[in-house]
Amino acid sequence: MIATNDAPYFVICDGCQCEFELDFAQQTFIKKLKDKGAPFVMIKCQKCWRHIKVKLNEYKKKEMWKCPVSQCDGWVVQVNLSEKYIDGGLQWACGECGSFWRKKENLIKEVLESIEKFPYRSVYYDVKDGIVKPSELSDLPDNSKKIESEPDDVFHDYERG
Ligand SMILES: [Zn+2]
Ligand SMILES: [Zn+2]
C-alpha cells in the first residue's frame, strides 16, 4: 500500500453540516470535471444522501501532517473538537493515535524532533529556510513497518501541547 498525500479530500455538506471524506469514485469524478473546467459539481452527501454542490475553485486539499508520534502511521488534520473536549476549539488532531495539539507550532516542534530521531520520516515534510510544511509528494513510501517498530513514545498524554 502506498500512502498518498494526495488522497483524502473533505467536503462539508450544507444540508446536514457533516464533514465527509470523498470516496475514490467521487474524487475521480471531481477531478475529471475540474480538468474540463466545470465551475461546480453535484455529489451525494455520504450521510444524508442529499445532493450537494461543490464549487471546484474552492475545492482544496486539506492540510495534512504525518503524525510525529512514535509508532503512529496516522495523519494530523485541523478539527473542531469543541463538542468532545471541555475547552475545545480548533485543534490539530490525529485520528489514529488520538493525540492532539492546541498550537500548530507545538505540532511542528514535534515534527522536527521526529525527523531527528527517525530520518526516514523526513520524506513526509518539506523543511526549507526554517519553514516546515507537509510534503507535496503524491507518492509517499510505505514506512509502516519501520514506524511500527519505533520505540514506545515517552509522552503518554493525548494532549501534546
Ligand atoms: Zn449531508
Ligand atoms: Zn498519531
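**Close-up views of the predicted model**

**View 1. Helix α1 and the residue that follows.** Just after α1, G37 adopts a positive phi of about 85°. The structure shown here and in the other views is a predicted model. Helix α1 itself covers residues 24-35, a run of 12 residues. From its first C-alpha to its last, α1 reaches 16 Å, close to the 16 Å expected at 1.5 Å a residue.

**View 2. The chain as a whole.** Three helices and 10 strands make up the secondary structure of the chain. Along the sequence these elements are arranged as β-β-α-β-β-β-β-β-β-α-β-β-α. The chain has 161 residues, of which 14% count as buried. When contacts between residues at least 6 apart in sequence are considered, 48% of them join residues at least 24 apart.

**View 3. Confidence along the chain and the N-terminal stretch.** The chain has a mean pLDDT of 81, with 84% of its residues at 70 or more. In residues 1-8, the pLDDT is below 50. This stretch nevertheless has 17 contacts in the model beyond near neighbours in sequence.

**View 4. Strand β7 and its hairpin with β8.** Strand β7 spans residues 90-94, and four of these five residues are buried, so the strand is largely enclosed by the rest of the structure. Its partner in this view is strand β8 (residues 100-101), which runs antiparallel to β7 and is joined to it by two bridges. W92 has W101 of β8 as its bridge partner. Together, β7 and β8 form a hairpin in which five residues lie between the strands. Within the turn, G98 has a positive phi of about 80°.

**View 5. The largest nonpolar core.** This core contains 13 residues, and those touching the most other members are C67, V76, W92, C94 and L107. At least two core residues are supplied by each of β6 (75-80), β7, β8 and α2 (104-117). Strand β7 provides the largest share, three residues. W92, listed above among the core residues that touch the most other members, is also the residue bridged to W101 in the hairpin.

**View 6. The surroundings of C67.** C67 is one of the core residues that touch the most other members. With its neighbours within four places in sequence left aside, C67 is in contact with C72, G74, W75, V76, C94, E96, C97 and S99. Among these contacts, V76 and C94 are likewise named with C67 in the group of core residues that touch the most other members.

Key:
Residues are numbered from 1 along each chain as its sequence is written. Chains are lettered from A and ligands numbered from 1 in the order in which they are written. This is a predicted model: local features need pLDDT of at least 70, side-chain atom pairs count only at pLDDT 80 or more; totals for chains, interfaces and linings use all residues. Helices (H or I, at least four residues) and strands (E, at least two) are DSSP runs, numbered from the N terminus. A residue is buried if 20 or more other C-beta atoms lie within 10 Å of its own, exposed if 12 or fewer, and partly exposed in between; C-beta atoms are placed from the backbone. Two residues are in contact if their C-beta atoms, placed from the backbone, lie within 7 Å. pLDDT is the predictor's confidence in each residue, from 0 to 100. Two strands pair if DSSP finds at least two bridges between them. A nonpolar core is a set of buried Ala, Val, Leu, Ile, Met, Phe, Trp, Tyr and Cys residues joined through C-beta atoms within 7 Å. The expected span of a helix is 1.5 Å times one less than its number of residues.
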